[in-house]
Amino acid sequence: DVVSSVDGRANVSVKFAPRAVVSKVSGCIDVGSSTQQCPVNGYTTLTVTGAYFNATTSTPTVSVGSAACKAVNVSNGTTLICWGCAYTTGSLDDLPVSVKLGGETTTANNVTVSFQLTCSASTCSG
């Protein structure tokens, strides 16, 4: 809280919500703070670990690269469970995980998701 006084008459109290912190993602093959070899179709549940996920009344959104997860569940202030982050276009490797909360987006450079295509002799799929 910040409290301010002007000539001893007016007091203003303002609460600042801390910005979300993203420290880890897991759900496929977990390596350090990242996860790898996720299917491109998005049928994987990802767990995002960090802090301040319940710092505002708004519901956080989670994105992997440019793809938003279809469903996000705030397990508590340090854990988000999301589903449906499907690969869209571009690189399959090391896509950053972003959490948007209360109009502020946090992206951690070392927290990434990599996707893997499953290929047979003639086709590739998720």
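**Exercise 1. Work out whether Ser26 is buried or exposed, and what surrounds it.**

Step 1: Start with the area. Ser26 has a relative accessible area of 17%, and buried means under 20%, exposed over 50%, partly exposed in between (1.4 Å probe, protein chains only). So Ser26 counts as buried.

Step 2: Place it. Ser26 sits in strand β3, residues 21-26; strands here are DSSP runs of E with at least two residues, numbered from the N terminus.

Step 3: List the neighbours. Leaving out residues up to four places away in sequence, Ser26 touches Thr35, Thr45, Leu46 and Thr47, where contact means heavy atoms within 4.5 Å.

A word on the model: it is predicted, so local features need pLDDT of at least 70 and side-chain atom pairs pLDDT 80 or more, while totals for chains, interfaces and linings use all residues. Numbering runs from 1 along each chain as its sequence is written, and side-chain values use heavy atoms, without hydrogens and water.

**Exercise 2. Find which cysteines form a disulfide.**

Step 1: Apply the cut-off: a pair of cysteine sulfur atoms within 2.5 Å. Searching the whole structure turns up one disulfide.

Step 2: Name the pair. The sulfur atoms of Cys28 and Cys38 are 2.0 Å apart, and the link is right-handed, with 115° about the S-S bond.

Step 3: See what gets tied together. Cys28 is in the loop between β3 and β4 (29-31) and Cys38 in strand β5 (residues 34-39), so the pair joins parts 10 residues apart in sequence.

Step 4: Check exposure. Cys28 is partly exposed at 22%, whereas Cys38 is buried at 2%.

**Exercise 3. Explain why Cys82 has no bond to Cys69.**

Step 1: Cys69 holds the closest cysteine sulfur to that of Cys82, but at 3.1 Å the distance is too far for a bond.

Step 2: Cys82 is also buried, with a relative accessible area of 1%.

Notes:
Helices (H or I, at least four residues) and strands (E, at least two) are DSSP runs, numbered from the N terminus.
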